[in-house]
Amino acid sequence: MTCSRTIRFLQFRLQFFNRRQVSPELEYVDSLSKACEDADLVLHLTEWREYREADPMALAAIVRARRVLDARNLLPVGKWLEAGWTVRTMGGSLPLPAASQ
């Protein structure tokens, strides 16, 4: 890990810790699957690889409804549609899911 990358990582960890202190009423979890558990809507709000490469079939088993809003326009939409998800993007239009056609 380069020095600048290490510093950015440490800054992120500190910001995360501070957010817990500022907003203790929020529930913080340490995994994507835990964050999506029983969700009515999944919001994709980051460019991080872990979230960009999430497995829509695996998540389908733990969410309440297969709906995702991709605010970064980075998800492989076809893969999500094939897994039965309703996908919406910011500023984009997508084909309707197969069940709606």
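Trainee: A contact means heavy atoms within 4.5 Å. Of the contacts in the chain with a separation of 6 or more, what percentage comes from residues 24 or more positions apart?
Mentor: Keep in mind that this model is predicted. Consider the contacts with a separation of 6 or more. Residues 24 or more positions apart account for a share of 47%.

Trainee: What pattern do the helices and strands follow along the sequence?
Mentor: Start with the inventory. The chain has 5 helices and 3 strands. Read along the sequence, they give α-α-β-α-α-β-α-β.

Trainee: Which handedness does the β-α-β unit have?
Mentor: Take its strands, β2 (residues 67–70) and β3. They run parallel and are joined by 4 bridges. One of the pairings puts R67 opposite its bridge partner in β3, T86. With helix α5 (residues 77–82), the two strands make a unit that is right-handed.

Trainee: Which residues of strand β3 point to the buried face?
Mentor: In a regular strand the side chains alternate between the two faces of the sheet. β3 covers residues 86–89, and its side chains alternate. T86 and R88 point to one face and are not buried. The buried residues, on the other face, are V87 and T89.

Trainee: Which helix supplies the largest share of the largest nonpolar core?
Mentor: That core has 16 residues. Those with the most contacts inside it are V42, L59, V68, W80, W85 and V87. Helices α2 (32–36), α4 (56–60) and α5 each supply at least two of its residues. The largest share, 3 residues, comes from α5.

Trainee: In the salt bridge of R64 and D40, which residue is exposed and which is partly exposed?
Mentor: The two side chains meet at 3.4 Å, N to O. R64 sits in the loop between α4 and β2, and D40 in the loop between α2 and β1 (42–44), 24 residues apart. R64 has a relative accessible area of 56%, over the 50% cut-off, so R64 is exposed. At 37%, between 20% and 50%, the partly exposed residue is D40.

Trainee: What is the N to O distance in the salt bridge of R72 and E47?
Mentor: R72 lies in the loop between β2 and α5, and E47 in the loop between β1 and α3 (49–52). The partners are 25 residues apart. R72 is partly exposed at 38% relative accessibility, and E47 is partly exposed at 44%. Their side chains meet at 2.3 Å.

Trainee: How many salt bridges does a search of the whole structure find?
Mentor: Side chains of opposite charge can pair when their charged atoms come close. One such pair is R49 and E53, at 3.9 Å, N to O. Both R49 and E53 are exposed. For salt bridges, the whole structure gives a total of 4.

Conventions: Residues are numbered from 1 along each chain as its sequence is written. This is a predicted model: local features need pLDDT of at least 70, side-chain atom pairs count only at pLDDT 80 or more; totals for chains, interfaces and linings use all residues. Side-chain values use heavy atoms; hydrogens and water are left out. Buried means under 20% relative accessible area, exposed over 50%, partly exposed in between (1.4 Å probe, protein chains only). Two strands pair if DSSP finds at least two bridges between them. A crossover is right-handed if, with the strands pointing away from the viewer, the path from the first strand over the helix to the second runs clockwise. A nonpolar core is a set of buried Ala, Val, Leu, Ile, Met, Phe, Trp, Tyr and Cys residues joined through side-chain atoms within 4.5 Å.
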